Amino acid sequence: MLYRETGQFKTTYQSDSAIFPILQDRIGLAVILAVAFIAIPATRNDFIINAVMTPFLIFALASIGLNILTGYTGLLSLGTGAFMGVGAYACYKLTTIFPQVNILVWVVASGFFSAAVGVLFGLPSLRIKGFYLAIATLAAQFFLEWCFIRVPWLYNYNVSGAIEVPQRELFGIIVTGPRATSETRYYIVLTLVVVLTWLASNLVHGRIGRMWMAVRDMDLAAELMGIRLLPTKLLAFAVSSFYCGVAGALMVFLWYGGAEASVFGINQSFTILFMVIIGGLGSMIGSFMGAALIFILPILLRFVPESLGLPLQSATVEQLSFMIVGAMIIVILIVEPAGLARLWQITKQKLRVWPFPY
Amino acid sequence: MRAPGGPDARIGDVLLSVENVSLSFGGVKAISDVSLDIRKGEIRAIIGPNGAGKTSMLNVINGFYTPQRGRITFRGQTRSKMRPHEAAEGGIARTFQNVALFRGMSALDNIMAGRTLKMHKNLFWQLLRWGPAMAEEVAHRREVEEIIDFLKIQDIRRVPVGRLPYGLQKRVELGRALAMEPDLLLLDEPMAGMNLEEKEDMSRYILDANEHFGTTIALIEHDMGVVMDLSDRVVVLDHGIKIADGTPAEVKNDQAVIDAYLGVAH
């Protein structure tokens, strides 16, 4: 009833192959964008903007990156954290060497460094698949993490061994460093994430996306149709690592404000992988849903006892929220192994015919 | 139904010929010293009992297997082995004995994927999905819709193929192969596991593809009625050896073929 495409006729193939062919979807998207761009900054709540939304968007971007590789192309990777690290360290070095260049240029450029490293570690993917490829990417994870610790040049020989984000301005507004406002950083992250999501969504709906999915679903048939496996897989590694690298640079420059190598450890790789699996492999919206579930839900749960007036210590609340999120993950994976994106699709299908069962 | 024997106006020169090909896996001889040719425009059947080397022969033709000996001549170019992408670029398409569709993709996307080789807009335009990339997408969509109409699968366009029944999956797979606009279409048991009605439909699609698009077809099939009715020439393999080659009528009465299928009294 509410969500019905009846009467929305497509008269051209162009409108029929639109990414959001249904009017209600386009309205929903517009509402979400309006909330993100207007309502959330209007709250002027530093906690929501800086501790919830900014990191959520960054995690969503990294999830999209991994989803391109694992969800769309079927190549399992455990090196996401390291590829994010490459982006962060590349951005740090670039802005150190060329401080006068616009920092956003370097954030995007650092993605290309990450892409190059991703391609290098993606080379074995022609020969090895599945869990074995995951182990090969694990090698990338450990090797790169080792570099972040053992190559002092990467962190400008800081005694602390960490990178500290310098202050950078954009058109006279401070965007990085401790003096940048949360709103400014949020707007930059939001804009970049929206643009990059739009580009990724375009990519996976076109020829290249079909090539990736063909390789994922049946590489033999794909090869016999003239899809060359190595370039296709390497392109997936490049695009995926690009997204992860930009996410890593954003994470350090616009959220943490500084970072050590441990931020880009194996834990980070697993966190992103869980987001992708729970959100839905091979789904853009799933990347956002997974990031929301894993990152935002524990934060929200922490406020539940307080709002109910339960006198619990914060450490207890923390433990409890971990347990609840863990249990929810298991429940979701039992109910729908294909992830939240699939649940969302089923809900939409139900809404189409509501109030009738079918 | 075809007139048995005699040259046909549809049939032209030799499109592909395989000469003295031998293929073995370790000690197992899959194909020994087999030669056969496929003429432009014909429907060529490859038959034989199980394990005769029929699928191996298709795999040699489109480059998935490398034969130890022999030569493959395609469009006048002779080589000792075909590479999969060379075969695809040269216009050889293929369906599989066990359906090899892209299960997570819709029927439409599967057939669109068949046109990958014909689409050329680069990463930049693909990222924007606008201008030339969109124009290309729409142009190929139009072609794909014709195939969808031809195979009468309009209603399942948007359905992920993993959820389709077997008969329809076979049809989508034929659509994906036809989307490549192949000169030579290799069909590996297109009618396996189908009921009579589905077999008749599939036969009609094969004949129509051959007649309307001029596609040369090489097919493996176990249903002798279908083979005898559809094909112009039949080659019979047994234990990797060619035992007969000729028109359906000739092959049907060949003593070696009868022995291979029915056994010999000792």
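This dialogue walks through the sheets, helices, domains and chain contact of a predicted model.

Reader: Where do I start with the strands of chain B? Which strands form the open sheet with mixed pairing?

Author: Read a sheet as an order of neighbours. Here 6 strands of chain B run in the order β6-β7-β8-β3-β9-β10. The sheet is open and its pairing is mixed.

Reader: Which strands stand at the edges?

Author: Look for strands with a single partner. In chain B these are β6 (92–95) and β10 (241–246), so one side of each is left without a neighbour in the sheet. From one strand to the next, the twist averages 15°.

Reader: How do I read one pair inside it? In which sense do β3 and β8 of chain B pair, parallel or antiparallel?

Author: Check the sense, then the bridges. Strand β3 (residues 43–47) and strand β8 (residues 216–220) of chain B are parallel, with 4 bridges. For a residue-level marker, find B:Ile46: B:Ile220 in β8(B) stands opposite.

Reader: What packs on this sheet?

Author: Helix α1 (residues 54–61) of chain B does. It touches β3, β6, β7 (184–188), β8 and β9 (233–238) of chain B. The direction of α1(B) makes about 150° with that of β7(B). Helix α10 (residues 255–262) of chain B lies across β9 and β10 of that chain, at about 125° to β10(B).

Reader: What is the strand order of the open sheet with antiparallel pairing?

Author: The order is β2-β1-β4-β5 in chain B, an open sheet of 4 strands. Its edge strands are β2 (28–39) and β5 (77–79) of chain B, each pairing on one side only. Direction ignored, neighbouring strands of this sheet are turned by 15° against each other on average.

Reader: How many bridges join β1 and β2 of chain B?

Author: Strand β1 (residues 14–25) of chain B and β2(B) pair over 8 bridges, in the antiparallel sense. B:Ser17 is one place to look; it stands opposite B:Asp37 in β2(B). On this sheet too, α1(B) packs, touching β1, β2 and β4 (69–74) of chain B. Its direction makes about 115° with that of β1(B).

Reader: Now helices. Where does α3 of chain A bend?

Author: Compare the axis before and after a residue. Helix α3 (residues 46–72) of chain A bends by about 35° at A:Leu66. After the helix comes A:Gly74, with a positive phi near 75°.

Reader: Why is α3(A) described as largely enclosed?

Author: Count its buried residues. In α3(A), 20 of the 27 residues are buried, so the rest of the structure largely encloses it.

Reader: How is chain B divided into domains?

Author: Mind the split ranges. Domain 1 of chain B covers 1–91 + 182–266, and domain 2 covers 101–181. Taken over C-alpha atoms, their centres are 27 Å apart. The contact takes 11 residues from domain 1 and 10 residues from domain 2 of chain B. On the domain 1 side, α2 (84–89) and α7 (196–212) of chain B each supply at least two residues. The largest share there, 4 residues, comes from α7(B). By class, that side has 8 nonpolar, 1 polar and 2 charged residues.

Reader: How many residues of chain A are in contact with chain B?

Author: Count each side separately. 26 residues of chain A are in contact with 33 residues of chain B. Elements giving two or more residues on the chain A side are α1 (13–16), α7 (182–205), α8 (207–217) and α9 (219–224) of chain A. With 8 residues, α8(A) gives the most. The chain A side has 13 nonpolar, 7 polar and 6 charged residues.

How values were computed. Residues are numbered from 1 along each chain as its sequence is written. Chains are lettered from A and ligands numbered from 1 in the order in which they are written. This is a predicted model: local features need pLDDT of at least 70, side-chain atom pairs count only at pLDDT 80 or more; totals for chains, interfaces and linings use all residues. Two strands pair if DSSP finds at least two bridges between them. Axes are lines fitted to C-alpha atoms, for helices over the stretch in contact, and angles run from 0 to 180 degrees between N-to-C directions. Two residues are in contact if their C-beta atoms, placed from the backbone, lie within 7 Å. The bend at a residue is the angle between axes fitted to the seven residues ending there and the seven starting there. A residue is buried if 20 or more other C-beta atoms lie within 10 Å of its own, exposed if 12 or fewer, and partly exposed in between; C-beta atoms are placed from the backbone. Ala, Val, Leu, Ile, Met, Phe, Trp, Tyr, Cys and Pro count as nonpolar, Asp, Glu, Lys and Arg as charged, and the others, Gly among them, as polar. Domain bounds come from an automatic or database domain assignment.
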